[in-house]
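Student: I would like a close look at one helix and what it packs against, followed by its setting in the chain and the complex. Please take it as one connected account.

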Protein chains: 4
Amino acid sequence: MKVGFIGLGRMGQNMARRLLEAGHDVTGYNRTYEKAAALAPAGAEIVRSIADAAAAREVTITMLGADDDLAQVMEGPAGLVAAMPAGAIHLGMGTHSVAMSRRAATMHADAGQIYVAAPVLGRPDAAAAGQLGILTGGPPDAVETCRPLFAAMGRRCFDAGEAPEAAASMKLANNFVLGCAIEVMGEAFSLVRRYGVRPDTLYDMLTDGIFDCIGYKVYGDIIAKEDWDRVGMTASLGLKDANLALAAAEAAGVPLPSANVWRDRLIGAIARGDGERDWAVVAREQARASGLE
Amino acid sequence: MKVGFIGLGRMGQNMARRLLEAGHDVTGYNRTYEKAAALAPAGAEIVRSIADAAAAREVTITMLGADDDLAQVMEGPAGLVAAMPAGAIHLGMGTHSVAMSRRAATMHADAGQIYVAAPVLGRPDAAAAGQLGILTGGPPDAVETCRPLFAAMGRRCFDAGEAPEAAASMKLANNFVLGCAIEVMGEAFSLVRRYGVRPDTLYDMLTDGIFDCIGYKVYGDIIAKEDWDRVGMTASLGLKDANLALAAAEAAGVPLPSANVWRDRLIGAIARGDGERDWAVVAREQARASGLE
Amino acid sequence: MKVGFIGLGRMGQNMARRLLEAGHDVTGYNRTYEKAAALAPAGAEIVRSIADAAAAREVTITMLGADDDLAQVMEGPAGLVAAMPAGAIHLGMGTHSVAMSRRAATMHADAGQIYVAAPVLGRPDAAAAGQLGILTGGPPDAVETCRPLFAAMGRRCFDAGEAPEAAASMKLANNFVLGCAIEVMGEAFSLVRRYGVRPDTLYDMLTDGIFDCIGYKVYGDIIAKEDWDRVGMTASLGLKDANLALAAAEAAGVPLPSANVWRDRLIGAIARGDGERDWAVVAREQARASGLE
Amino acid sequence: MKVGFIGLGRMGQNMARRLLEAGHDVTGYNRTYEKAAALAPAGAEIVRSIADAAAAREVTITMLGADDDLAQVMEGPAGLVAAMPAGAIHLGMGTHSVAMSRRAATMHADAGQIYVAAPVLGRPDAAAAGQLGILTGGPPDAVETCRPLFAAMGRRCFDAGEAPEAAASMKLANNFVLGCAIEVMGEAFSLVRRYGVRPDTLYDMLTDGIFDCIGYKVYGDIIAKEDWDRVGMTASLGLKDANLALAAAEAAGVPLPSANVWRDRLIGAIARGDGERDWAVVAREQARASGLE
């Protein structure tokens, strides 16, 4: 399939590489050209404009970090909406707000194009291995068209239905559930430490039994060892996600009280200079509030 | 070993049976004699007083549901403290508050006896299979003495240190972490449902990846299917545990904001008549607050 | 009227003095006899037992600090229930839990006596001036009987209805509303301080307009001047009240989320050694969480 | 003084009228011309462009409802920044975010102009009577220049210092403190109602004593009478303010846990169709959560 790919950071590079390996014809674009160039040896054509990446492509993928980046790529005479052919699909794979997801869908619909949201679960190593979880939201026909691309990049698709914002809500829910699990662990670690329990004992208890899973093991270990600089996701990015989850919930009339607790801790951690540490650093903030630091 | 066993409900029966199978000499007592009698065919001697259960025993186990029950068993001229020989061990395996754990330790110390707390993780089926997790807190020698009993009843011990209340804090932390995980899932289910996502899709996404563990599978399934009457633990008992966790945290100077959120939902659920449903019913309360019921 | 008065601390002394000045015949009892003795010159008869204070009295007032104190005074062969004549009234004017209020009502009803709850609003100086607010809950006839006593001690009565626990709930609501108002002010002071606003400017703004009242002036001034040692009510007593309010709410099926926030701050403040400072010290705890200390 | 006035809604009209009465020369502009026209008989010159309102004016006041409105008025070749003479003052009197306040200050500084923030406290009737509270933030000289205008419109100024966002933070703090006071009252009303206390009794108790002030009387009365359609400020506008306060706090590294509680209730109330009712309707949402509706 002829695919445009906009946004070739660490995640994007690995995803595009999987597409090339599966035999797709990939044209890549990145705001910083040099980053995109690393993909050329793998067979991608690297271009210098959004228009060149998207013109005559059936599907153009974006893998961008923030709503503003996506809006900038889409808007204007040199933007993606102007460049895509009628009937073409914009496959948005970054983590975006439900508001931006809706807006993207509307902008493309007005131009006779289609927006499919497909945010992903997994880190760059999962992307390199084609093991991402992919959350799809969009018109069924368009999602079907993208199926071979999903097969190349992911391990499994989760169908959120016809609304792109539904897929966005799932991604935000995933990060919210994980972020709050970390927050709750942090509270538990402080509680037992005040009673003299060794952190690794609590870690063992939790992960040996009902929480024998990646989420609790990875972040429980960081907390138990206070290894805040083993960064999977920063506290600052965590706060961005907390705000996105709360905004999605507000728009849907849903209170999300656990997210408030989590967000407050992230704000506190960032205010104390831990913004670029792993987002498990909320546990350190809890420890401070518990007289443990 | 000669062991007294007080409190032969479903958990206690299964635990005592494991001790008998391992060759220990068990004397059983239950407030309601008939319940205890079921254990006689398995080889236990069933007695009609606490004194008869504890006299001349090296270790007497209690497996009682509430602090008040434990206090009643211990106090008074016909109570456990009066009945136990000097130097004997009271092994408290129920879930008790840190305050009660401390009080029990003091009462026994004043009588020249030893209190070891060893609350357990696992349901009656795990008890029947000798697969409990056991959280131990007490003087190392006394814990060592109990080791053969732990081997018969449990799969693994987690050593909380020398303070009985430390073991209590671990058990409360475990239930708090699980209860809040359920609460957070409930919030997430409401969020995505408002965007049209099917509950089982969220369930699949969460449990396929970072939350591929018993805790999320068992309760995520109840939430996804709204199967509130598949009761593992009732909302009313959950509220008891939430209050115990908050009291333990208060006594240690630890704020536990996620527990507040969880407790409020349990109160709401109970007020609407769901107190005897599974404690995952907090997700229903969230759904109500989200305009979904 | 012949009145017994049990509990002659600062509040009780001032209240009893008002009764004497209004011509009532007061028999006083205090656990520590010496404290009660100070009331003798004002005309009270000071006795050495609860029985002597309550026997042959139409009304016996208790002004005690905690539920446990009230329970101890009431229970046993030397207690108030045993001592009061049939048909006599126990007028409980301390701040008690709804549970204790109910229990007191039941105990007296079982003995053919009457319990009226009448917790008060105001500090010792208001008591000395007969300017207390009095919250009444009990059988209308009994409340009517106590009317001359209320007239001597108070400025105004607020009728909570026939249930003593209803009067208790009003007192707890009052302290909860005030405590949370202080907490919210504390958050606001931290917010504007981080933007460089002088605390006294915020104080002026708030108390000049919509919050031109005692509650905001007294505590806003303590916060603005960080004068935590000007103690009206300690943080530790505040935590007791927060717990009473939350327990009353739980028993009634009411979530009280603002009380959770307030309680967490009190716990934090106490853990940092501010338990005996004024309960406005929650604002200091907020300042710490905001990077301002 | 020659003054431009942009934004002639109910508040703006009343404020401009006060300026005219004090002898100032006012040129008025409103997006909807007809609204502005009502001011002509009072002596204002009504113009059809922002440029005409601001050109050759020493001070141009904006009284706009939202950040977006202010941004639109300021930006572009036909906007306020382009139209104002060098050295002139833009006096922003609407309630704006701290981010927008900072941005406005930067935009004007880049153009050699001055931004002074002066959000106000009070309703249209206070504006008509020249009784507004005015919160000033900006360079001292510029604030001094505006003093005669403040004298005409307000009762009292509160000096937040040299930063416009500091004045914004005070206005947001004011609304946050009030909104949370209402939320807490709502919780208290639910609590005592569940114990059978009449709402007006709680109202009397609160407002008779420590909360004898406008804020508690106005909103306590709405809650006690469930008179949600007596709208001073809508729940939807309240939510906007809650979000502004939380964003201001986040930017300053300040957790604002009471605002979370308040915001959740507003979201719930709006989701149930009460968005255009008075923001005291959070008390109704609490009543629902307490099984009272």
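Tutor: In chain C, the buried residues of helix α11 are packed against α9 (164-194), α10 (199-208) and α14 (282-289) of that chain. Packing here rests on contacts, that is, C-beta atoms placed from the backbone and lying within 7 Å of each other. Helices are DSSP runs of H or I with at least four residues, strands are runs of E with at least two, and both are numbered from the N terminus. The model is predicted: local features need pLDDT of at least 70, side-chain atom pairs count only at pLDDT 80 or more, and totals for chains, interfaces and linings use all residues. Residues are numbered from 1 along each chain as its sequence is written, while chains are lettered from A and ligands numbered from 1 in the order in which they are written.

The residues of α11(C) that count as buried are C:Gly215, C:Tyr216, C:Tyr219, C:Gly220, C:Ile222, C:Ile223 and C:Ala224. Buried means 20 or more other C-beta atoms within 10 Å of a residue's own, exposed means 12 or fewer, and partly exposed is in between, with C-beta atoms placed from the backbone. The helix runs over residues 214-225, 12 residues in total, and spans 16 Å from its first C-alpha to its last, close to the 16 Å expected at 1.5 Å a residue. That expectation is 1.5 Å times one less than the number of residues.

What follows the helix? After α11(C) comes C:Glu226, with a positive phi near 50°. In general, most residues other than glycine have a negative phi. In chain B, B:Glu226 also has a positive phi, about 50°, although it is not a glycine. B:Glu226 sits in the loop between α11 (214-225) and α12 (235-251) of chain B. It is classed as partly exposed because it has 15 C-beta neighbours inside 10 Å. Another positive phi in a residue other than glycine belongs to D:Ala56, near 65°. D:Ala56 is in the loop between α3 (50-54) and β4 (59-62) of chain D. It counts as exposed because 12 other C-beta atoms lie within 10 Å.

For the chain as a whole, take chain A. It contains 14 helices and 9 strands. Its radius of gyration is 20 Å, close to the 19 Å that the globule rule gives for 293 residues, so chain A is as compact as a globular protein of that length. The radius is taken over C-alpha atoms, and the rule is 2.2 Å times the number of residues to the power 0.38. Along the principal axes, the C-alpha atoms fill a box of roughly 65 × 45 × 35 Å. Of the 293 residues of chain A, 62% are buried. Among contacts between residues at least 6 apart in sequence, 64% join residues at least 24 apart. One buried position is A:Ala127, which has 23 other C-beta atoms within 10 Å. A:Ala127 belongs to helix α7 (residues 124-128) of chain A. Leaving aside residues up to four places away in sequence, A:Ala127 touches A:Met11, A:Asn14, A:Met15, A:Gly122 and A:Leu132.

Helix α11 of chain A also takes part in an interface. The contact between chains A and B takes 59 residues from each chain. On the side of chain A, the elements giving two or more residues are β8 (132-137), β9 (154-161), α9 (164-193), α10 (199-208), α11 (214-225), α12 (235-251) and α13 (257-271). The largest share, 19 residues, comes from α9(A). By class, that side has 37 nonpolar, 13 polar and 9 charged residues. Nonpolar covers Ala, Val, Leu, Ile, Met, Phe, Trp, Tyr, Cys and Pro, charged covers Asp, Glu, Lys and Arg, and the others, Gly among them, are polar.

The contact between chains D and A takes 10 residues from each. Helix α13 (residues 257-271) of chain D gives the largest share of the chain D side, 7 residues. That side divides into 5 nonpolar, 3 polar and 2 charged residues. A turn of 180° with a shift of 0.0 Å along the axis lays chain D on chain A with an RMSD of 0.0 Å, which is the relation of a two-fold axis. The superposition is by least squares on the C-alpha atoms of residues with pLDDT of at least 70 in both copies.

On confidence, chain A averages a pLDDT of 97, and 100% of its residues score at least 70; pLDDT is the predictor's confidence in each residue, from 0 to 100. The predictor gives the complex an ipTM of 0.96 and a pTM of 0.95.

Notes:
Two residues are in contact if their C-beta atoms, placed from the backbone, lie within 7 Å.
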